[in-house]
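User: I'd like to go through this one with you, ligand first and then the helices and odd backbone spots. Can you put it up?

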Amino acid sequence: MESLAIYVPRLVTIKEYFAPGHRACMGCGEALAVRLVCKALGRNIIIANATGCMEIVSSPLPSTSWEVPWIHTLFENTAAVASGIEAGIKILTRKGKYNNKTKVVAMAGDGGTADIGFQALSGALERGHDFIYICFDNEAYMNTGIQRSSSTPFGASTTTSPAGKVSIGQTTWKKDLPAIAVAHGIPYVATACHSYPFDLMNKINKAVEVNGPSYIHILSVCPTGWRLASDLTIRAGRLAVETGIFPIYEVEGDRYTLNLDFPKLRPIEDYFKLQGRFRHLSKETISQIQERVAAKYSKLKERAARNNYQQ
Amino acid sequence: MTTKRIGMEGSFAIAEAIKLARVEAIAAYPITPQTHIVERLAEFVANGELDAEYIPVESEHSAMSACLGTSAVGARTFTATASQGLELMHEVLYVASGLRLPIVMTVANRALSAPLSIWTDHSDAMAIRDCGWIQIFAENAQQAFDLVLCAFRIAEDLTVLLPTIVHIDGFYISHTIESVELLEQKVVDKFLPEYRHPYPLNPDKPVTMGAFGPPPIYTETKKAHEVALRDSKKVILKVWQEFGKLSGSHYAPVESYKTEDADVLLLCMGSFSETAMMSIDKMQAEGQKVGLIRLRLWRPFPTEELRQAVSKAQLLIVFDRALSLGGAPPVCSEIQAALYPLKTKPKIVSFVGSLGGREISIQGFEELINNGMNRAKRGKLDEFEIIGVRE
Ligand SMILES: Cc1ncc(C[n+]2csc(CCOP(=O)(O)OP(=O)(O)O)c2C)c(N)n1
Ligand SMILES: [Mg+2]
């Protein structure tokens, strides 16, 4: 323990590019994830940020949390704005009017990615811009008050998919955004979670080196929206991974790697019972979800194993 | 200074202006009747005639959004659209002007669905009236070429920094082959120096763009925007004057045609002014005291120039090419607002016509003017009329 305390901080810069003093809720996993991402990115970046919690907590005029060049325009167009920044840098560099090796980074929530910004994202990935798209997935529209998105998990109660006498809450399965990103044939796709900071930062570092689009999907625990004690953010993120609900993996070309694997997954109840949004679920529904989680996880594991074998 | 006259489609004349302006970034999406402009630009880029990044985006929403990005890092940026495409851009337009990004766009004016119509009117332009851009109307291919070049000088002026639209009537300007005089590259280079944004996105000097405005500050930001847009008129006048000197083409916010002795004035916007001129010629030859006013600058609205232009008239007939459904026709209501505070002002008759590309002939404008004079005589000034409707 002591030795870790000595050397771990040395692996990470003490410089903050997402400055403290912003207005995120206590225990906000998204703010933590943004902070870690920014540490890994360093200063030679330009960020395009979608409307959502992170934009709102960080930029009330005339103050800002951003120590790096940052632009927010709208909710659904972040990938397109990033496309423009990347193209602009390209031509200005060609003309000798810009000389900084800059990585362009788009940041958006799950709503800004899976729903309203889906088309712009697909367009930008297809066109092959050299940029990193990061989805901070807190599994609902949190900024506007916990409405469901297509990334909200099955069974979760939100303000627009409330659990009720005749409803279990969200009745659709979480949209598999990383798989959709992979389908675009881009060089690098990864999932990550703030509860595994080194894995997260390694993936950002990798994405910076990629020439072309990368897509990083970060599970970001939201105590407010998930109805979870604010000191359980890190634990909830770990449990999402240890139960197999949110596997941590990366895809390079068509090579799958399961970055964290467990001989035996924990039962999903361990994760569910911390959170008010799942409290209403019956045993039957939970076992239905458990089955689905197990099936998806083993498919992913198979894919990763196949890659290893081919190697 | 100008090159020899050549026959050229309006869209291609605009593309020539973009090439001469050494535009650095183009993000666009096809829509009739704008498409020829961006097709020609794609050709220029593909042939190495224009060193620019061309982003073939997946929608107009993304076209304008990508333009925000290219402009925010400091690249000279152009796009073009029309009708539904402009409507799809709607929310992004306000961001471009609010962030003071000097993007230049041509809109090949076209009616709005439903019913679908690819033909020209000003419904699309009027739907984005309040988006905070400088907006200028051209009447023919030469003007489109000239005004697009001037638009970059105006938009990028450090005291302006506002995006600018040059409206051109779909087909009438975009698809008609007219005789055009271009300018030589060295003349344009002198007129339009290299663009540098004063505070671009750049890691060397980080800025935050697009922060949100809580109630204690939002009003101040919008007031600043309003003042900047109003004040841009000074720069517009200066740039047009300078352009007139080098090209021989002179532009003004409100242009008068044979109004010296006219008691009755017709007011138009866009390409139909040219047809109306011929009606005025004919009616004046017959001894009628009629003249024409063309509103060239739509935003900022040229209140003083308009008041000046109509100061001697008894009657002003305003011809709108769009409806504000359920309300007063948009151009006419602005004219009325501008003239209402004056003690002496002309009577105003309001007509709407040529919706969705319906033709209006020389004789048609003559009838319209006569109709307007009749209405004024009968004191029927309280309602507007949609002309040429088959009942
Ligand atoms: C076009 C448009 N529609 C709706 C909104 C309202 N809105 C702002 S943020 C937001 C939800 C954001 O959710 P997400 O992308 O998941 O980000 P989070 O706040 O959860 O981080 C919504 C619905 C908007 N700003 N623009
Ligand atoms: Mg969210």
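User: How many residues surround ligand 1, and which are the closest?

Analyst: Before the answer, a word on the source: this is a predicted model, where local features need pLDDT of at least 70, side-chain atom pairs count only at pLDDT 80 or more, and totals for chains, interfaces and linings use all residues. Residues are numbered from 1 along each chain as its sequence is written, chains are lettered from A and ligands numbered from 1 in the order in which they are written, and side-chain values use heavy atoms, with hydrogens and water left out. A residue is near the ligand if one of its heavy atoms lies within 4 Å of it. On that basis 17 residues surround ligand 1, and the closest are A:Glu30, A:Cys53, A:Asp110, A:Gly111 and A:Gly112.

User: Which helix gives the most to the shell around ligand 1?

Analyst: Helices here are DSSP runs (H or I, at least four residues; strands are E, at least two), numbered from the N terminus. With 3 residues in the shell, the top contributor is the 110–115 helix of chain A, α5.

User: What is the make-up of that shell around ligand 1 by class?

Analyst: The classes go like this: Ala, Val, Leu, Ile, Met, Phe, Trp, Tyr, Cys and Pro are nonpolar, Asp, Glu, Lys and Arg are charged, and the others, Gly among them, are polar. Sorted that way, the shell comes to 6 nonpolar, 8 polar and 3 charged residues.

User: What distance separates a backbone N or O atom of A:Gly112 from an oxygen atom of ligand 1?

Analyst: For a polar contact you want a pair of N or O atoms within 3.5 Å (within protein, one must be able to donate a hydrogen and the other to accept it, and residues adjacent in sequence count only if both atoms are side-chain atoms). Polar backbone atoms of A:Ala140 and A:Asn143 each sit 3.0 Å from a ligand oxygen. For A:Gly112, the distance is 2.8 Å.

User: How much of the accessible area of ligand 1 does the protein cover?

Analyst: Areas come from the Shrake-Rupley method with a 1.4 Å probe (for residues, only the protein chains shown count as cover). On its own, ligand 1 has 590 Å² of accessible area, and the share covered by protein is 77%.

User: How are α9 and α12 of chain B oriented to each other?

Analyst: Axes are lines fitted to C-alpha atoms, for helices over the stretch in contact, and angles run from 0 to 180 degrees between N-to-C directions. Here α9(B) (272–285) and α12(B) (362–377) pack at about 70°, axes 8 Å apart. Angles under 35 degrees count as roughly parallel, over 145 as roughly antiparallel, 65 to 115 as roughly perpendicular and the rest as oblique. So this pair is roughly perpendicular.

User: And α2 with α8 in chain A, what is their relation?

Analyst: Their axes are 9 Å apart and the angle is about 45°. That makes α2(A) and α8(A) oblique.

User: Where does B:Ser354 lie?

Analyst: Most residues other than glycine have a negative phi, and most peptide bonds are trans. B:Ser354 isn't a glycine, yet its phi is positive, about 55°. Its place is the chain B loop between β15 (347–352) and α12.

User: Which residues does the cis peptide bond with omega of about 5° join?

Analyst: One partner, A:Pro62, is in the chain A loop between α3 (53–58) and β2 (70–72). The cis bond with omega of about 5° joins A:Leu61 and A:Pro62.
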